[in-house]
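User: I would like a close look at one part of this model, set in the context of the packing around it. Please take the charged pairs as the starting point and work outward from there.

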Amino acid sequence: MSERPILVVGFVTPVLRALIGVEPDGSVILVEEPDVIRKRDIRAKLAGSPLVRELIEWEHSKPGTADAFHATHRDLNPVAVVPLIEYATPFAARLAERYGVPGASLGAALTLRDKALLRQVSAAAGVPNPESATVTCPADVLAFMRARPGPVVLKPSNRQAAVGTQIVQDPAEVEQAWANCVEQDEGVFVPDRPMELRMLAERYVPGPEYSVEMLVRDGRQLFANVTGKQLYPGPRPVELAHIVPADIPDDLTETLAEVTRQVVAAVGFVDGILHCEWIVADGVPFLVECAGRIAGDGILEIIDHAYPIKLLRSYFAMMRGETLPELPRRATGGAAVRFVPMEPGVIDAVLGIEQARQVEGVFLVDLQVGPGHRSTALRSSWDRSGLVMAEADTPAEALQRAEKAAGLVRIEVRPEP
């Protein structure tokens, strides 16, 4: 096949499904970790795929493996290198440099992958950050809390999906919180080999949470959306809902876009898409973290339903070096994702899915669990059971529809024996 391929790093089913019919047949070469390919049975899932030309096994989350990949696969000559998962972003950025195609830049990707380094770099550029410190044991966390009275957030500086993240209200909770946070299992989504763990303690900043999804070319904004967020109650800051666009005043929308542009400039991000999270306290946006990749949790899908845009399509076209038409600055409607609650235990039945699909405006009901599935207490984004997406004329109405549909889904569980 003579057409230059798109090199995609990381297996994300909804994204690859969305590209079918958009990108030419056989235009994608997928790179994924050997352990992940085995555990997720990816070869079987890709069998007969019209989109994926080849699946290459490579340990892409290991530091420094991109140069060896380039030396081994120099003849691939991709037109673009696109990371779909968090742990693949430095690998993809370095490959883009080696193949001479658009990319984030390795320096930017490494900074965004390290939350402690991102704090230092962005704070030096004037971006508000909560006070934080690298910690290696519970005694370090206690010392941080003594110096800065009040709740803290304990979290890894190099993980995804809120894994190992907990709000600690009282020094008496530190020992157990540390044990909770350093015990991590991302299951089928990561390779079996150990991953280095680095921990942060940060001053807890109360306030509403938002994310900015920004498409960037040559370090300049092409498109920006602000997503409003709701969190599950409790000490684990896991998202319960996303609302697009955030139902906030225009001046706050522009402020959040501006501070995201400051992060782009501070880290030297060149080409790609960012998902940058913020907490607003007393009108000031404080940086939570920023990922140099597409947003998860269905945010791209609801952006497409709220704006006159196909953001994933525009992202891939930009990474191929194509000239894009002017992208919309405002949404024309609203859309929302609402996750379906589930109690810990063994699932006996999942009911109400068809009723949820009948709710006006609902365009997706996706449950990842079924009878026999064992669910645990909510620890990270991976522990959620499924989601509902809905659209409407306004963001508030879209959220109401998604909440109504999610409330119709009933997951019946019995306690673990």
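User: Is Arg261 buried, partly exposed or exposed, and what is its relative accessible area?

Analyst: This is a predicted model, and in it Arg261 is partly exposed, with a relative accessible area of 26%. That value lies between the limits of 20% for buried and 50% for exposed. The side chain of Arg261 meets that of Glu258 in a salt bridge, with an N to O distance of 2.9 Å. Both residues belong to helix H10, which covers residues 250–267, and they are three residues apart, about one turn of the helix. The partner, Glu258, also counts as partly exposed, at 32% relative accessibility. As a general point, side chains of opposite charge can pair when their charged atoms come close.

A second pair within a helix can be set beside this one. Glu397 and Arg401 both lie in helix H14 (residues 395–408), where they are four residues apart, about one turn of the helix, and their closest N and O atoms are 3.0 Å apart in a salt bridge. Here the two partners fall into separate classes of accessibility: Glu397 counts as partly exposed at 28%, whereas Arg401 counts as buried at 16%. Elsewhere, salt bridges that share partners join Glu33, Glu59, Lys62 and Arg193 into one network. Within that network, the side chains of Glu59 and Lys62 meet at 2.8 Å, N to O; Glu59 is partly exposed at 32% relative accessibility, and Lys62 is partly exposed at 35%. Over the whole model, the count of salt bridges comes to 30.

From the charged pairs we can turn to the nonpolar interior. The largest nonpolar core has 49 residues, and Leu30, Leu215 and Tyr315 are those with the most contacts inside it. Helix H12 (residues 311–319) supplies the largest share of this core, seven residues. Apart from this core lies another, of 29 residues, which includes Ala104, Ala109, Ala224 and Leu256. Around Leu30, once its neighbours within four places in sequence are left aside, the contacts include Val8, Phe11, Leu16, Ile42, Leu46 and Val52, and also Glu54.

Leu30 falls within the residue range of strand S2 (28–32), one of the elements against which the buried residues of helix H5 pack; the others are strand S1 (6–9), helix H4 (66–72), strand S4 (80–83) and H6. Helix H5 itself runs over residues 89–99, and eight of its eleven residues are buried, so this helix is largely enclosed by the rest of the structure. Among the buried residues of H5 are Phe91, Leu95 and Tyr99, together with Thr89 and Pro90. After H5 comes Gly100, whose phi is positive, near 75°.

Helix H6 (residues 106–113), already met as a packing partner of H5, also packs against helix H7 (residues 115–124), with an angle of about 110° and axes 5 Å apart. Angles of 65 to 115 degrees count as roughly perpendicular, and H6 and H7 are therefore roughly perpendicular to each other. On the H6 side the contact involves Leu110, Thr111, Leu112 and Arg113, which meet Lys115, Leu117, Leu118 and Val121 in H7. The residues of this contact divide into five nonpolar, one polar and two charged.

Methods
Residues numbered from 1 in each chain as written. Predicted model: local features only at pLDDT ≥ 70, side-chain atom pairs only at ≥ 80, totals over all residues. Heavy atoms only, no water. Core = buried A, V, L, I, M, F, W, Y, C linked by side-chain atoms within 4.5 Å. Buried < 20%, exposed > 50% of the residue type's maximum accessible area, 1.4 Å probe, protein only. Helix = DSSP H or I, 4+ residues; strand = E, 2+ residues; numbered from the N terminus. Contact = heavy atoms within 4.5 Å. Salt bridge = Lys/Arg side-chain N within 4 Å of Asp/Glu carboxyl O. Axes fitted to C-alpha atoms, helices over the stretch in contact; angles between N-to-C directions. Parallel < 35°, antiparallel > 145°, perpendicular 65-115°, else oblique. Nonpolar A, V, L, I, M, F, W, Y, C, P; charged D, E, K, R; others polar.
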